[in-house]
Protein chains: 4
Amino acid sequence: MNSVFNLQSAQYKDKQKNRGRLLINCPDQPGIVATVSKYLFQYGANIIESNQYSTNHEGGSFFIRIEFECPNLQEKYKEIEQNFQVVANDFSMDWRLQLVSRLKRTAIFVSKELHCLREILLEWQNGDMMMEIPLVISNHEAAKELVESHKIPFYHIPATKENRQEAESQHLKLLEEFEIDVIILARYMQILTPNFVSAQPNKIINIHHSFLPAFVGARPYDRAYERGVKIIGATSHYVTNDLDEGPIIEQDIRRVDHRDHVEDLKRTGRSIERSVLARAVKWHLEDRIIVHGNKTVVF
Amino acid sequence: MNSVFNLQSAQYKDKQKNRGRLLINCPDQPGIVATVSKYLFQYGANIIESNQYSTNHEGGSFFIRIEFECPNLQEKYKEIEQNFQVVANDFSMDWRLQLVSRLKRTAIFVSKELHCLREILLEWQNGDMMMEIPLVISNHEAAKELVESHKIPFYHIPATKENRQEAESQHLKLLEEFEIDVIILARYMQILTPNFVSAQPNKIINIHHSFLPAFVGARPYDRAYERGVKIIGATSHYVTNDLDEGPIIEQDIRRVDHRDHVEDLKRTGRSIERSVLARAVKWHLEDRIIVHGNKTVVF
Amino acid sequence: MNSVFNLQSAQYKDKQKNRGRLLINCPDQPGIVATVSKYLFQYGANIIESNQYSTNHEGGSFFIRIEFECPNLQEKYKEIEQNFQVVANDFSMDWRLQLVSRLKRTAIFVSKELHCLREILLEWQNGDMMMEIPLVISNHEAAKELVESHKIPFYHIPATKENRQEAESQHLKLLEEFEIDVIILARYMQILTPNFVSAQPNKIINIHHSFLPAFVGARPYDRAYERGVKIIGATSHYVTNDLDEGPIIEQDIRRVDHRDHVEDLKRTGRSIERSVLARAVKWHLEDRIIVHGNKTVVF
Amino acid sequence: MNSVFNLQSAQYKDKQKNRGRLLINCPDQPGIVATVSKYLFQYGANIIESNQYSTNHEGGSFFIRIEFECPNLQEKYKEIEQNFQVVANDFSMDWRLQLVSRLKRTAIFVSKELHCLREILLEWQNGDMMMEIPLVISNHEAAKELVESHKIPFYHIPATKENRQEAESQHLKLLEEFEIDVIILARYMQILTPNFVSAQPNKIINIHHSFLPAFVGARPYDRAYERGVKIIGATSHYVTNDLDEGPIIEQDIRRVDHRDHVEDLKRTGRSIERSVLARAVKWHLEDRIIVHGNKTVVF
């Protein structure tokens with residue numbers, strides 16, 4: 001892997017070696033915070049930042065994200081994780097414990113438009129997006145040179161309506177082989193099959209080139225031009241099997257005016273798409289997102 | 001009318017007495033700017049600001065807005081206007097000449113939610129929205145005290161599905177009597193009839209409480225909440241007979257997050273609605289808008 | 001007081017009768033969250049939202065804001081507050097417990113420019129800014145009619161360099177008499193004496209008409225014009241005895257361009273000033289702000 | 001040069017072959033628009049977009065930017081330019097005529113922080129920033145691999161206080177040899193000498209990592225952190241011999257909060273810096289900027 005990144009990465013892992021994150025989602029009831037904070041305290045953990053939110057609408061759900069420092073976390077981690085299951089059972093928790101020093105492993109899928117891939121590589125090179133990128137997969141050759149110049153393996157897997165099953169079985173094999181945690185669809189212009197999507201719940205991050213739910217589906221910039229909107233946008237969301245209907249992670253917009261023809265909207269849109277996708281990916285990498293129903297809690 | 005406003009208004013009219021605006025929309029061809037600028041030059045007019053835009057997409061349309069100073073404009077105005085018709089005919093122009101010192105006369109329509117009305121009165125009182133407000137019309141009594149405390153006549157005209165025709169004939173009579181130039185629907189929650197709308201082309205400004213074309217129609221904040229969007233918006237547009245489909249003048253947005261329930265979206269939305277409507281009204285008052293098909297050119 | 005507001009206020013107080021807020025600032029150490037959450041749990045309180053943040057820079061400070069629902073809070077409140085002092089002592093806490101149903105009592109100070117006062121009254125009338133306004137104080141008569149039309153007592157206290165001491169003793173008497181919790185300087189163009197300021201720590205909210213620390217002091221719009229900036233801003237901060245140097249609560253900006261002369265910057269600025277001040281006041285009313293050194297933590 | 005860019009570039013040049021831009025700055029007087037538009041009309045030019053602005057403050061200056069299509073512009077260009085001098089003399093014009101198809105030649109200066117360079121290369125690769133980049137100059141080796149992977153010559157010229165004169169004479173030689181039109185300081189952390197700056201009036205574009213005039217000079221993020229600002233920014237400006245005081249082209253900001261330590265401000269700042277610099281460079285390339293005194297008119 002890229003040598004600049006390797007150095008940054010080693011420094012980061014060392015600096016964060018005692019840092020952990022605990023994310024919980026469960027039915028709300030009094031006493032959860034007391035129990036969880038007492039549990040962490042037993043291990044000598046100091047809570048650095050915590051965000052908690054409960055909804056008393058629609059049945060009462062409880063969400064918390066805790067970031068903590070714990071001496072010798074590397075050694076204690078397994079024990080903290082195993083014993084927490086008892087607490088979790090008491091409160092019917094959906095939960096995960098993450099070592100900050102354990103970088104997530106990401107596969108980027110891309111087609112011919114490369115601006116989102118370039119943004120991700122740029123942020124990654126700057127050390128502003130901490131993850132490992134074991135591979136990039138594409139149905140075209142366009143990204144090959146760019147990807148390989150970053151010392152990242154590039155897999156060209158042509159995908160069409162006809163060979164979708166076969167292509168996806170190659171994808172799945174690679175995802176398994178490289179132990180991938182997150183899939184980023186950086187303007188990957190192919191529909192994924194329900195099987196593929198179901199196998200990666202809340203793990204596939206897409207960028208849609210409109211301000212959802214406006215302009216669901218194809219050609220959003222053309223339709224924005226026709227409608228004469230004064231603002232265009234982009235939306236990053238987790239992929240589900242309802243097209244452009246998955247839980248929204250982040251959205252942003254930019255002003256346009258009467259002088260902007262479709263090509264100008266696309267150019268401006270590229271800027272929005274790449275910054276929105278980058279933010280969504282960062283929040284995912286920092287374990288800031290809890291999916292609840294078809295929505296996200298972003299702490 | 002309000003005494004503070006009267007003073008500001010008199011000063012403004014005096015300061016702007018030689019200021020005029022010319023707006024033109026016609027098929028594009030070489031020589032239009034040359035001809036028009038020569039025409040104004042003959043009368044001693046000095047162009048202060050001009051914005052021009054042509055589209056070579058879709059047939060080629062030409063748009064220009066010229067703001068000029070002309071000595072003794074009050075006396076010359078009629079002549080400039082009459083003689084320009086010759087130029088206009090040569091180029092098949094759709095055009096208008098406006099005296100800046102002649103304030104537009106505005107009727108505000110309102111129902112029970114008063115935040116947009118309050119914003120307009122606030123800006124008007126500050127001297128930041130130059131217009132006359134000869135009357136406010138409402139289908140409820142809620143705004144009566146507020147409006148009358150500003151020394152503006154208030155007309156309570158109940159409007160329901162059943163009496164729509166009758167109510168609108170009262171509206172039309174008032175609009176004529178008070179020589180109204182612009183109608184502002186400041187959250188007026190009644191459908192207008194096609195006849196009424198057709199009689200006021202590009203004169204009725206509405207505020208819709210969503211980021212169009214997302215959430216066309218009723219209950220946009222409830223639907224935004226259900227979808228889990230991260231940004232909500234508002235849209236000001238000219239009213240046509242297609243619901244929420246008229247030419248968009250201005251849109252804006254604000255960030256929301258998982259903590260915001262429907263009531264919070266509405267509260268945040270009120271802030272967006274009033275600032276978007278205020279900007280759209282100002283641009284209309286400053287003759288910055290040319291409607292072209294179902295879009296606006298905002299100079 | 002205003003009758004519309006009275007009705008909203010009664011409904012709000014009833015809805016929020018079991019809602020409390022606990023704010024804490026103390027030296028960081030493990031176990032604080034565990035202790036505090038256990039304490040609240042003993043009283044049957046359910047934490048609705050909590051935000052916590054610790055800094056391991058500069059010595060380690062711990063900040064938390066907890067919003068909770070507790071059955072029969074009105075009756076238990078005193079006891080919860082008294083007994084918490086034991087916990088507080090253990091951790092050297094700077095803390096406060098607030099009943100959400102107990103509206104803060106606000107005095108607004110204003111001079112001749114009324115846009116910020118109008119914004120506050122607008123939000124208050126909409127029910128979007130929950131507080132009581134027992135009085136408005138001004139060194140001019142300009143706001144008298146506006147204030148009294150809202151059924152709020154208006155006190156005209158002329159203030160000049162010469163009579164500053166005398167004017168302030170009148171101010172202090174009124175603040176005491178009306179049991180004022182918060183002072184909003186809504187473009188009050190008088191310097192306050194060190195004594196006055198010291199007596200109201202973190203209780204006086206000011207709006208400065210620039211993007212601090214740019215253009216500290218007088219005539220910021222003129223200086224922004226001269227410098228040719230492309231964005232202007234406003235800053236709301238707590239008043240300290242260093243002019244324009246108090247802890248910043250909120251800032252915002254808007255784009256301007258070469259066409260904007262000083263008067264236009266002022267007009268645009270008025271919009272920014274009023275929305276920034278309104279947000280800062282709302283956050284203060286919602287007990288979202290903890291002052292730490294010369295900075296704010298805004299949860 | 002880069003092959004992807006070469007193709008885009010060839011297509012662009014062909015598409016824009018008849019497109020020209022005329023920029024004028026002169027004392028205001030009636031008749032300028034009439035004269036200039038008549039002049040262009042004589043050559044069969046059709047004005048596509050024009051923006052004009054006059055100031056009657058401070059003596060009266062006139063500014064216009066005209067973009068036009070003219071059949072066979074390549075052949076007529078020289079003649080249009082030569083003959084326009086007569087018109088220009090009559091009105092004491094400061095003016096320039098530009099062929100859109102003639103791409104500007106840019107030298108990028110960079111030190112060790114590469115995010116701004118990466119952004120420019122990204123936009124350039126996307127075809128969203130039309131220019132030629134004959135070389136990149138740096139006082140460090142850090143950018144060498146990145147630059148050369150884009151097939152752009154890289155010149156490593158160490159620069160210190162001691163060898164400044166010598167380094168700059170090498171710079172000047174390269175600028176001349178490569179016929180450079182624009183210099184982009186993409187976080188180039190060296191002071192330029194007055195001689196160097198004076199030789200490149202309004203040709204050197206810098207990015208400063210603060211919202212000027214806040215935090216002029218060194219360590220702006222540290223100082224922003226200390227002051228507790230809620231928004232940080234970046235400013236792109238033309239370089240003059242007053243440090244950070246040159247004409248501002250573009251500024252932008254992003255929200256930060258109490259959780260952001262200096263490192264976080266820098267990370268967020270990198271995003272702002274690169275987008276602000278990219279916009280400023282694009283506007284320069286599109287001939288949208290006229291410098292007037294110490295300000296810019298950006299059309």
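Select chains D and A: 10 residue pairs are in polar contact between them, counting pairs with both residues at pLDDT 80 or more. A polar contact is a pair of N or O atoms within 3.5 Å; within protein, one must be able to donate a hydrogen and the other to accept it, and residues adjacent in sequence count only if both atoms are side-chain atoms.

Before going on, note that this is a predicted model, in which local features need pLDDT of at least 70, side-chain atom pairs count only at pLDDT 80 or more, and totals for chains, interfaces and linings use all residues. Residues are numbered from 1 along each chain as its sequence is written, chains are lettered from A and ligands numbered from 1 in the order in which they are written, and side-chain values use heavy atoms, with hydrogens and water left out.

**Stop 1: chain D against chain A**

Stay on the D side. Color strand E2 (46-55), helix H4 (115-125) and helix H9 (262-285) of chain D; these are the elements that give two or more residues to the side touching chain A. Helices (H or I, at least four residues) and strands (E, at least two) are DSSP runs, numbered from the N terminus. H4(D) gives the most, with six residues. By class, this side has one nonpolar, five polar and 14 charged residues. Here Ala, Val, Leu, Ile, Met, Phe, Trp, Tyr, Cys and Pro count as nonpolar, Asp, Glu, Lys and Arg as charged, and the others, Gly among them, as polar.

Now show both sides. The contact (heavy atoms within 4.5 Å) takes 20 residues from chain D and 20 residues from chain A. About 1700 Å² is buried between the two chains, and carbon and sulfur atoms give 36% of that. Buried area is the accessible area (1.4 Å probe) that two parts lose on being put together, summed over both. Select Arg118(D), Leu122(D) and Arg274(D): they lose the most area to chain A in chain D, together 30% of what that side buries.

Which charged pairs cross here? The rule finds 12 salt bridges across the interface of chain D and chain A. A salt bridge is a side-chain nitrogen of Lys or Arg within 4 Å of a carboxyl oxygen of Asp or Glu. Zoom to Glu123(D) and Arg274(A), a salt bridge with its closest N and O atoms 2.9 Å apart. Then pick Asp128(A) and Arg270(D), whose side chains meet in a salt bridge at 2.7 Å, N to O. Asp128(A) sits in the loop between helix H4 (115-125) and strand E6 (132-138) of chain A, while Arg270(D) is in helix H9 of chain D. Asp128(A) is buried, with a relative accessible area of 7%. Arg270(D) is buried too, at 15%. Buried means under 20% relative accessible area, exposed over 50%, partly exposed in between (1.4 Å probe, protein chains only).

**Stop 2: chain A against chain B**

Hide chain D and show chain B. The contact takes 35 residues from chain A and 35 residues from chain B. The area buried between them is about 3100 Å², with 54% from carbon and sulfur atoms. Select Arg227(A), Lys230(A) and His258(A), which supply 24% of the area that chain A buries against chain B, more than any other three residues.

There are six salt bridges between chain A and chain B. One to display is Arg255(A) with Glu250(B), closest N and O atoms 3.0 Å apart. Polar contacts number 20 residue pairs, both residues at pLDDT 80 or more. On the A side, color helix H8 (220-227), strand E11 (248-255) and strand E13 (295-298), the elements giving two or more residues. E11(A) gives the most, with seven residues. That side divides into 15 nonpolar, eight polar and 12 charged residues.

**Stop 3: strand E1 of chain A**

Select residues 19-27 of chain A. Eight of the nine residues of this strand, E1(A), are buried, so it is largely enclosed by the rest of the structure. Nine bridges join E1(A) to strand E3 (residues 61-69), antiparallel. Two strands pair if DSSP finds at least two bridges between them. Asn25(A) stands opposite Phe63(A) in E3(A). Six bridges join E1(A) to strand E4 (residues 94-99), also antiparallel. There, Arg21(A) stands opposite Gln98(A).

**Stop 4: a pair in chain C**

Move to chain C. Glu67(C) and Arg21(C) meet in a salt bridge (3.4 Å, N to O). Glu67(C) lies in strand E3 and Arg21(C) in strand E1 of chain C, so the pair ties together parts that are 46 residues apart in sequence.
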